[in-house]
Structure formats: C-alpha cells, structure tokens
Amino acid sequence: SDGTVRTFGSATFRGDLSAVDLVQPIVGMSLTESGDGYWLVASDGGVFAFGDATFHGSTGDIKLDKPIVGMATVPGGGGYWLVASDGGVFSFGAARFYGSMGGVRLKAPVVGIAPAPSGAGYWMVASDGGIFAFGSAPFHGSTGNLKLAAPIVSMVPSVTGRGYWFVASDGGVFNFGDASFLGSRGGRDNKGDVVSITETADGGGYWIVTESGISFPYGTAVDFVTSIV
C-alpha cells in the first residue's frame, strides 16, 4: 500500500514509489503484456507507470464520490480502466467505456475489475460476490445470493474468458464457467487476510496472496517464495 514493489522469479523490477510521500495508498497493480512494465493505482485514482507501461491519464485531480479500488488494462497495454467502490468506471487511452454501476444502489461495494480477453468489455465484482458484466464479458454466475463466511476481495478471469474465480478474505475460492477449482485456503490459518488471486499464463493454476505477502500456489502455479502449506 506504500507503493513498494517486490519481484520474484523472472519478474523484473522497474521501479516503485517506496521513496515517495503518497497522498493516498496504492490499491491496485497491473502488468503490461510484455511483462517489462507495470502500473500502480492509488485510491484517489492517481496512476503511476513504470518500465514500458504508458501513462494514459488518471483521476488524481478529480473529486471522486467513492475511492478507486482496482484497475484493469486493455490487452496490448494501450489503455486501462479504473473502478470505484460504487461501481463507477473511468476509461483511459484505448480503453472504451462499456457501462458502470455508478448511480445504482448496490448491496455491497465493488472490490475489483477484470478485462475480457478481447478487451471489449470487463467484469466488476462486489464484496458479496455479485458480478456485473459489460461489453463482451459474459456472465457465468456469482455468489451474490449465498451467505459467505468472508467477503470477496478479488477476481480473475480464465484465459478463455469463459469463466472466472473469486477469492474471499479467508482464502475461500469460488469458480464459475470453465475456471477449474484447484484448491483454496478457506478455514486455514493464512497469517493474515487474503487480498488477491492471480491466474497462471497457461490457465492451469492460480496464486492466492495474503496481506502479509505470503503466496499459496495451486495447479500449475509455481512457488517462487516460501509459502505456508
């Protein structure tokens, strides 16, 4: 959240904000298609680009109704979307606006956004697991009508876009469409809340990451750091 970036495996460090006095905490990160750069986004919508990531604009100078909670990039890296907790969407560069939940009374706040593989749409997920699909992003199901043990904190689509995974703060994983269930941390000691889930490039695995930086690999995901199992 202070903008520090740490790299593992073949990931290349291209800079961070650890020496910068940030106005608001970092809440999201997105990688360029080449893997040689990344963007960081703060809760006020300030965007910071590193490596071959190109700056396309931000909401850093706009008074937002609700804080930014995530970002998603267009395949190819020509633009990105920012999403606020009320479901408001802000598009920059080649990212087109396909709709939002801004102005709609939500049962739970939006916590994340993910791009459709074509770049012509996106999903938003709320903390109750409600899913909102726009453009070419298809709806595959949700946990919006289930009583969850812990709130949803992150989502990631399958490589085909015909499915997706949710992860809750207790590490519980929910799979929809062609996204296969490969394991979860639900009901286990995770040494802190889970904050994110990320898919492998081959689509055969995922990592679950906690707020303390511990990662748990499943399927084809490789353990680049020491994990608690």
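These notes cover aromatic pairs, a charge over a ring and one loop serine in a predicted model.

1. Aromatic pairs. Searching the whole structure gives 12 aromatic pairs. In one of them, the ring centres of tyrosine 206 and tyrosine 218 are 5.7 Å apart. The planes of these two rings meet at 40 degrees, so the pair is tilted; the tilted class lies between the cut-offs of 30 and 60 degrees.

2. Where that pair sits. Tyrosine 206 belongs to strand S14, residues 205-210, and tyrosine 218 to strand S15, residues 215-219. The pair therefore ties together parts that are 12 residues apart in sequence.

3. Burial of the two tyrosines. Tyrosine 206 has a relative accessible area of 0% and is buried. Tyrosine 218, with a relative accessible area of 13%, is buried as well, because the cut-off for buried is under 20%.

4. Aromatic cluster. One aromatic cluster is formed by Trp81, Tyr98, Tyr122 and Phe134.

5. Charge over a ring. Arginine 185 places its charged end over the ring of phenylalanine 216, at 3.8 Å from the ring centre.

6. Serine 85. This residue is in the loop that runs between strand S5 (79-84) and strand S6 (89-93). Although in a loop, serine 85 is buried, its relative accessible area being 16%. Leaving aside residues up to four places away in sequence, serine 85 touches Lys66, Pro67 and Val69, and also Leu106, Pro109 and Val110.

Note on methods. Residues numbered from 1 in each chain as written. Predicted model: local features only at pLDDT ≥ 70, side-chain atom pairs only at ≥ 80, totals over all residues. Heavy atoms only, no water. Phe/Tyr/Trp six-rings, centres within 6.5 Å; stacked < 30°, edge-to-face > 60°. Helix = DSSP H or I, 4+ residues; strand = E, 2+ residues; numbered from the N terminus. Buried < 20%, exposed > 50% of the residue type's maximum accessible area, 1.4 Å probe, protein only. Lys NZ or Arg CZ within 6 Å of the ring centre and 35° of its normal. Contact = heavy atoms within 4.5 Å.
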